[in-house]
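My notebook is open, and I am going through this structure one lookup at a time. Here is what I wrote down, with cut-offs for fellow computational chemists.

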Amino acid sequence: MQNAFIFLMIFGAALLLTAACIAFSKDPRQSPFLGRSVGIEKKSKEEARKQAREVAGCVAAVGLALVIYCLIGIIRGV
């Protein structure tokens with residue numbers, strides 16, 4: 001079970017890294033993570049950045065929750 005927690009923790013860290021890449025992208029319209037979002041290519045650069053920050057916040061929240069849950073699971077030894 002501990003191996004599963006370690007794998008999920010690595011996945012959560014990857015989600016946090018992805019969120020950082022999305023949030024700090026200079027032009028999210030060209031980003032491989034958001035390039036397929038509906039209508040993003042028609043938005044202005046500032047509107048695309050705003051959408052990227054919203055998406056990055058959600059992705060970071062999921063990644064952080066996953067990492068915290070796995071840390072608790074590893075510490076408790078479940």
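**Cysteines.** I began with Cys-70, which is buried at a relative accessible area of 0%. For these labels, buried means under 20% relative accessible area, exposed over 50%, and partly exposed in between, with a 1.4 Å probe and protein chains only. Cys-70 is in no disulfide, and the nearest cysteine sulfur, that of Cys-58, is 20 Å away. Cys-58 itself is exposed, with a relative accessible area of 53%. Taking a disulfide as a pair of cysteine sulfur atoms within 2.5 Å, I get a count of zero disulfides. Cys-58 is in none either: its nearest cysteine sulfur belongs to Cys-21, 17 Å away.

**Ground rules.** I am reading a predicted model, where local features need pLDDT of at least 70 and side-chain atom pairs count only at pLDDT 80 or more, while totals for chains, interfaces and linings use all residues. Residues are numbered from 1 along each chain as its sequence is written, and side-chain values use heavy atoms, with hydrogens and water left out.

**Helix α2.** Next I checked the length of helix α2, residues 45-76. Helices here are DSSP runs (H or I, at least four residues), numbered from the N terminus. The expected span is 1.5 Å times one less than the number of residues, so the 32 residues of α2 should span 46 Å, and the end C-alpha atoms are indeed 46 Å apart. Just after α2, I noted that Gly-77 takes a positive phi of about 75°.

Which residues of α2 are buried? My list reads Ala-48, Gln-51, Ala-52, Ala-56, Gly-63, Leu-66, Val-67, Cys-70 and Gly-73. The buried residues of α2 pack against α1 (2-23).

**Val-67.** I picked one residue of α2 for a closer look: Val-67 lies in that helix and is buried, with a relative accessible area of 15%. Counting contact as heavy atoms within 4.5 Å, and leaving out residues up to four places away in sequence, I find that Val-67 touches Met-9, Gly-12, Ala-13 and Leu-16. Val-67 and Leu-16 are 51 residues apart along the chain, yet their C-alpha atoms are separated by 9.4 Å.

**Phe-33.** I then moved to the loop between α1 and α2, where Phe-33 lies. Phe-33 is partly exposed at 46% relative accessible area. Apart from neighbours within four places in sequence, Phe-33 is in contact with Thr-18, Cys-21 and Ile-22. The C-alpha atoms of Phe-33 and Cys-21 are 8.7 Å apart, with their positions twelve residues apart along the chain.

**Salt bridges.** How many salt bridges does a search of the whole structure find? It finds two, where a salt bridge is a side-chain nitrogen of Lys or Arg within 4 Å of a carboxyl oxygen of Asp or Glu. One joins Asp-27 and Arg-29 (3.0 Å, N to O), and Arg-29 is partly exposed at 26%. The other pairs Glu-46 with Arg-49, whose closest N and O atoms are 3.3 Å apart. Both of these lie in α2, three residues apart, about one turn of the helix.

**Nonpolar patch.** Last, I looked at the surface. Leu-16, Leu-64, Ile-68 and Ile-72 make a nonpolar patch of about 330 Å², with areas from the Shrake-Rupley method and a 1.4 Å probe, only the protein chains shown counting as cover for residues. Patch residues have over 30% relative accessible area and no salt bridge; nonpolar side chains (Val, Leu, Ile, Met, Phe, Trp, Tyr) are joined within 5 Å, like charges within 9 Å. α2 gives the most to this patch, with three residues. Ile-68 lies in α2 and is partly exposed at 43%.

Definitions and conventions:
Helices (H or I, at least four residues) and strands (E, at least two) are DSSP runs, numbered from the N terminus.
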